[in-house]
Structure formats: structure tokens, C-alpha cells
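Please open the model in a viewer and keep the sequence panel visible. The tour below proceeds selection by selection.

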Amino acid sequence: MLLKRALLSKFLVLALLVLQTSEVRADSRLESFVHDELQFVQGLGLPSITSFDGDFADDMLNGVDDVVQAWYMDDTTEEDQRLPHHGQPDDPVPLAKLLDLGIIAMRLDADNHENDENLTMIRGKRGYLHMDIVTLTPEKMTNYEAMIKRFFEEHLHVDEEVRYCLEGSGYFDVRDDEDRWIRVSVRKGALMVVPAGIYHRFTLDANNYIKAMRLFSGGPDWTAYNRPHDHLPARQEERRSEE
């Protein structure tokens with residue numbers, strides 16, 4: 001078990017180092033639901049971060065199974081998208097499988113996100129110079145039901161999507177290399193990186209509440225390309241990585 005965790009730690013570090021952020025060129029935008037937009041200048045006012053420390057990687061993996069779970073979902077039913085939609089029989093997906101798809105999941109200290117050294121390290125290494133915090137709940141969105149249906153449309157981005165759950169919970173659905181849906185449950189403390197070019201969608205769960213931090217390497221952009229957009233370079237690169 002210790003060897004497996006050590007190998008996973010090294011793979012996480014390597015994955016974070018080699019993921020490349022693509023420049024976003026947008027001709028249409030998904031409506032923004034930003035409540036607070038905080039911009040940071042180059043360097044973030046923080047010490048330069050040049051490498052990951054092994055202990056940091058261990059910290060980020062410690063307890064990740066408590067805040068991130070995944071399973072193959074039953075998408076044939078017409079039931080509410082916010083229900084778990086477990087397959088029959090239940091078919092759990094290990095986090096190592098998500099890593100194979102380029103999806104990185106880790107656990108951070110959501111209660112201390114303003115001063116968390118692990119988050120600072122990730123932002124510095126990946127160059128996430130912009131962030132915002134959004135709250136999705138019926139009390140804050142008059143068109144809540146319509147908007148969660150929009151989030152649930154299958155789409156891709158030309159840049160990686162980085163989401164950090166500060167409160168509440170929700171589901172990311174991602175396509176595997178055989179085009180099957182994997183449902184990924186995220187709860188408070190979960191940070192998830194979805195690579196550019198992978199088809200996915202998002203929904204809240206039955207709790208109808210999530211507060212999340214969104215991280216960007218360039219200016220904030222929410223461009224979503226609904227399927228099919230296989231001609232985009234980001235999608236073609238993702239398909240090559242699946243081969």
C-alpha cells in the first residue's frame with residue numbers, strides 16, 4: 001500500500017509538471033456566474049516555486065478518497081441528473097484510472113485556502129495567475145434549474161479546467177477512452193484538473209449547493225464547445241493521447 005501511494009505520488013507530481021496549458025481563443029462564451037473576481041499579477045506576490053516537494057505530494061494525496069469518488073454511471077435513465085446514477089451492478093473507478101485519462105484529483109485544506117502552502121505551490125508551478133470563487137445554489141440564482149441543465153450539456157474546453165471545491169458537493173462526468181461516462185463526485189477539499197480536449201459535463205448533486213474556486217493560467221474564460229467539436233486541436237491532441 002505504501003509503495004502504491006509512493007508511486008501515485010510520483011505520478012501526480014509528474015502529471016502536474018508536464019500538463020501543458022493551451023492558449024484560449026474564444027468566439028463564444030458560456031455565461032459567467034462570478035461573484036468575486038480576484039486577479040493576481042505575475043509572481044502572485046509569493047516566493048517563486050521551482051519544484052514540488054515529495055511531502056507536499058503526499059499531503060495532497062492523503063485522504064483524497066474521502067472527497068473524490070468515481071464510478072461508471074448509468075446514463076440510460078431519465079431520472080434527475082443530480083442523483084448518483086450508479087451502474088447496475090455498481091462499477092467503481094479507481095483514481096489511478098482517472099490519472100490514465102489525464103484527470104488529476106487531490107485533496108487540499110479548504111478551510112485554509114487563503115493561506116494554504118499546497119495551493120500556493122500549485123498556483124506558482126502551473127502559473128495560475130487568476131482565480132475566482134463562485135457559489136451555485138437556488139438562493140443565489142433565479143434561473144438555477146435552467147442553468148444546471150446548461151452545465152450538463154456535453155462539451156470540451158481548449159484549456160484545462162481546474163476546480164477546487166471549498167464547500168458543498170457536485171459531480172463531474174467525463175468520457176473514458178471507450179466513450180463511457182465516468183461520474184466523479186467531488187466534495188469539500190477536492191481539487192480536480194480536467195485536461196483540455198476531453199468531453200465532460202458538470203452538475204450539482206441533490207444538495208443543490210457548491211462553492212468553488214476556479215483557477216486560470218490566462219484571463220478567466222468559460223468558453224464551452226458542445227459536442228461534436230472533434231476538429232479542434234485540443235480535441236485531436238486528447239485523442240492522440242488515448243491511443
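A residue is called buried when its relative accessible area is under 20%, exposed when it is over 50%, and partly exposed in between, as computed with a 1.4 Å probe on protein chains only. This is a predicted model, in which local features need pLDDT of at least 70 and side-chain atom pairs count only at pLDDT 80 or more, while totals for chains, interfaces and linings use all residues. Residues are numbered from 1 along each chain as its sequence is written, and side-chain values use heavy atoms, with hydrogens and water left out.

**Colour by confidence**

Begin by colouring the chain by pLDDT, the predictor's confidence in each residue, from 0 to 100. The average for the protein is 78, and 73% of the residues score at least 70. Helices (H or I, at least four residues) and strands (E, at least two) are DSSP runs, numbered from the N terminus. Among these elements, strand 7 (residues 181-187) has the highest mean pLDDT, 98, and strand 1 (residues 36-39) the lowest, 33. Select residues 17-53 next: pLDDT is below 50 there, and the model gives this stretch 83 contacts beyond near neighbours in sequence, a contact being heavy atoms within 4.5 Å. Where pLDDT is low, the predicted coordinates should not be read in detail.

**Strand 8 and its partners**

Now select residues 190-194, which form strand 8. Is this strand enclosed or open? Strand 8 is largely enclosed by the rest of the structure, because 5 of its 5 residues are buried. A190, M192 and V194 point one way, whereas L191 and V193 point the other way. In a regular strand the side chains alternate between the two faces of the sheet.

Add strand 3 (residues 104-107), which runs antiparallel to strand 8 and is joined to it by 4 bridges; strands pair if DSSP finds at least two bridges between them. R107 has A190 as its bridge partner in strand 8. Strand 6 also pairs with strand 8 in the antiparallel sense, over 4 bridges, and V162 is matched there with V193.

**The nonpolar cores**

A nonpolar core is a set of buried Ala, Val, Leu, Ile, Met, Phe, Trp, Tyr and Cys residues joined through side-chain atoms within 4.5 Å. Select V68, L98, I182 and V184, which have the most contacts inside the largest core, a set of 32 residues. Helix 6 supplies the largest share of this core, 4 residues. Centre on L98: beyond its neighbours within four places in sequence, L98 is in contact with A70, V93, I103, I182 and V184. Another core, of 19 residues, lies apart and includes L108, M121, I133 and M213.

**Salt bridges**

Finally, display the charged side chains. A salt bridge is a side-chain nitrogen of Lys or Arg within 4 Å of a carboxyl oxygen of Asp or Glu, and the structure holds 15 of them.

Select E160 and R126, whose salt bridge spans 2.9 Å from N to O. This pair links distant parts of the chain, with E160 in the loop between strand 5 (155-156) and strand 6 (161-175) and R126 in helix 5 (residues 117-126). E160 is buried at 10% relative accessibility, and R126 is buried at 10%.

Move to E154 and R227, where the closest N and O atoms are 2.8 Å apart. These two residues are 73 residues apart in the chain. E154 is buried, at 17% relative accessibility, while R227 is partly exposed, at 32%. Extend the selection to R175 and D179: salt bridges that share partners join E154, R175, D179 and R227 into one network.
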